[in-house]
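Here's a quick walk through a protein chain for anyone who wants to get their bearings before heading back to the bench. Have a look at the model first, then read on.

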Amino acid sequence: MIDKINIRVYACAVKDKKVLTLFEEYAGEPLMKFPGGGLEFGESLIECLHREFDEELNVKIEVVEHFYTQEDFLASRFRENEQLLTIYYIVNITTEEDFLILDPCIERTEWIDIDTPDNPFPLPIDRIVFDKLKEKFL
């Protein structure tokens, strides 16, 4: 039974027709995802993005625009009692020279070509967002 909601805020940092992705292990599974994470109580969506980039990658960002909000119901694949709501923004990294992986869960980062023929993302909403990035930037 779903009895919790988990609001997730993610960013598409796009540069030279590439988007920043994180590779990490979560609940024993390898995961490729966009930077971002869970909204904390008392925090705005934008504050969440700034905090996540600071905590995970040691960089400051500029939020360019809201990009996509999940429209369909989605249960968490990691917690069966949670419903997910994901919100995505387009951002620019303003202090790229300070880039440093601070979160020990993040194994590596990679700039993925948006024009790659296959959609490399495993999570369903990330897949939608990647397809929308293709529409916007190609």
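## Charges, fold and a few loop residues

Let's start with charge: the chain carries 15 positive and 30 negative charges, and the mean positions of the two sets lie 3 Å apart. Keep in mind that this is a predicted model.

Now for the layout. The chain has 2 helices and 7 strands, and reading from the N terminus the order goes β-β-β-β-α-β-β-β-α. The C-alpha trace spans about 45 × 35 × 30 Å along its principal axes. For 138 residues, a compact globule would have a radius of gyration near 14 Å, and the chain's value of 14 Å agrees with that. Of the contacts with a separation of 6 or more, 70% are between residues 24 or more positions apart. Buried residues account for 41% of the 138. As for the surface, about 7,600 Å² is accessible, and carbon and sulfur atoms contribute 49% of that.

Next up is helix H2, residues 124-137. How does its span compare with what 14 residues should give at 1.5 Å a residue? The expected span is 20 Å, and the end C-alpha atoms are indeed 20 Å apart. The buried residues of H2 are Ile125, Asp126, Val129, Phe130, Leu133 and Lys134. The spacing in that list makes sense, because an α-helix has 3.6 residues a turn, so residues three or four places apart point the same way. The cover over the buried residues of H2 includes strands S1 (4-15), S2 (18-26), S3 (29-33), S5 (61-69), S6 (82-93) and S7 (106-113).

Finally, some loop residues. Here is how accessible three of them are:

| Residue | Relative accessible area | Class |
|---|---|---|
| Glutamate 96 | 32% | partly exposed |
| Aspartate 16 | 66% | exposed |
| Asparagine 58 | 29% | partly exposed |

Glutamate 96 sits in the loop between S6 and S7. Leaving aside residues up to four places away in sequence, glutamate 96 touches Lys15, Val59 and Trp111. Its C-alpha atom is 9.0 Å from that of isoleucine 61, which is 35 residues away along the chain.

Aspartate 16 belongs to the loop between S1 and S2, and its phi is near 55°, a positive value in a residue other than glycine. Asparagine 58, in the loop between helix H1 (45-57) and S5, also has a positive phi, near 60°, and is likewise not a glycine.

Terms used: Residues are numbered from 1 along each chain as its sequence is written. This is a predicted model: local features need pLDDT of at least 70, side-chain atom pairs count only at pLDDT 80 or more; totals for chains, interfaces and linings use all residues. Side-chain values use heavy atoms; hydrogens and water are left out. Helices (H or I, at least four residues) and strands (E, at least two) are DSSP runs, numbered from the N terminus. The radius of gyration is taken over C-alpha atoms; the globule rule is 2.2 Å times the number of residues to the power 0.38. Buried means under 20% relative accessible area, exposed over 50%, partly exposed in between (1.4 Å probe, protein chains only). Contact means heavy atoms within 4.5 Å. Accessible areas come from the Shrake-Rupley method with a 1.4 Å probe; for residues, only the protein chains shown count as cover. Lys and Arg count as positive and Asp and Glu as negative; His and the chain ends are not counted. The place of a charge is taken as NZ of Lys, CZ of Arg, CG of Asp or CD of Glu. The expected span of a helix is 1.5 Å times one less than its number of residues.
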